[in-house]
Amino acid sequence: MKPAQDEIQKVLTGNNETILFIDDEELIRRLNQSILEDSGYTVITAADGEDGLDIFYKEKNNIDLVILDFSMPHLSGSEVAEKILVSSPDAKIIISSGYIQDWQIKSLKQLGITGFLDKPYRTDILLQKIKETLNR
């Protein structure tokens, strides 16, 4: 790696913060878990919104950030985010989606969501968004 890349990587590396990663696609969960763990984060995964909420309620004092897919079966990302924010108004949440419209983003911002990722996203964009959200 070049020196500039080393510096960027240091800036984007986690400090063992715990991320709850909720996505209904197993490949996406596994890939992002690997990337995030390699980048210094502890990762808990959930396959859908219901499992994600169960985990969040049990572990909310240990979870620093939630990353969740916008479109999932059973409970949508916005429903999950809303329930999390009712339980923990200061929770930090990033919504990811390949199919989100401006009015939906506006609605999510009104709920208190500040982090959004367009799928597909690059690893550096993911890590940068995590740092921005954690530092808020």
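Here are a few questions and answers about the cores and charged pairs in this predicted model.

User: Which helix gives the most to the largest nonpolar core?
Analyst: That core has 23 residues, and V66, I93 and I95 touch the most other members. Several elements give it two or more residues, including strand 3 (65-69), strand 4 (93-97) and helix 5 (102-111). The top spot, with four residues, goes to helix 4.

User: R29 is buried, so which side chain of opposite charge is nearest, and how far away is it?
Analyst: R29 sits in helix 2 (residues 26-38) and touches F21, D23, D24, T45, A46 and A47, leaving aside residues up to four places away in sequence. A salt bridge needs a side-chain nitrogen within 4 Å of a carboxyl oxygen. R29 has no such bridge, and the nearest candidate is E26, at 4.8 Å.

User: Which residues are joined with K119 into one salt-bridge network?
Analyst: Start with D23, whose side chain meets K119 at 2.9 Å, N to O; these two are 96 residues apart in the chain. K119 also pairs with D69 at 3.2 Å, and that link spans 50 residues. Shared partners therefore make one network out of these bridges, and the residues joined with K119 are D23 and D69.

User: Is K129 buried or exposed?
Analyst: K129 forms a salt bridge with E132, with the closest N and O atoms 3.5 Å apart. Both lie in helix 6, about one turn from each other. E132 is partly exposed at 34% relative accessibility. K129 comes in at 19%, and buried means under 20%, so K129 counts as buried.

Terms used:
Residues are numbered from 1 along each chain as its sequence is written. This is a predicted model: local features need pLDDT of at least 70, side-chain atom pairs count only at pLDDT 80 or more; totals for chains, interfaces and linings use all residues. Side-chain values use heavy atoms; hydrogens and water are left out. A nonpolar core is a set of buried Ala, Val, Leu, Ile, Met, Phe, Trp, Tyr and Cys residues joined through side-chain atoms within 4.5 Å. Buried means under 20% relative accessible area, exposed over 50%, partly exposed in between (1.4 Å probe, protein chains only). Lys and Arg count as positive and Asp and Glu as negative; His and the chain ends are not counted. Contact means heavy atoms within 4.5 Å.
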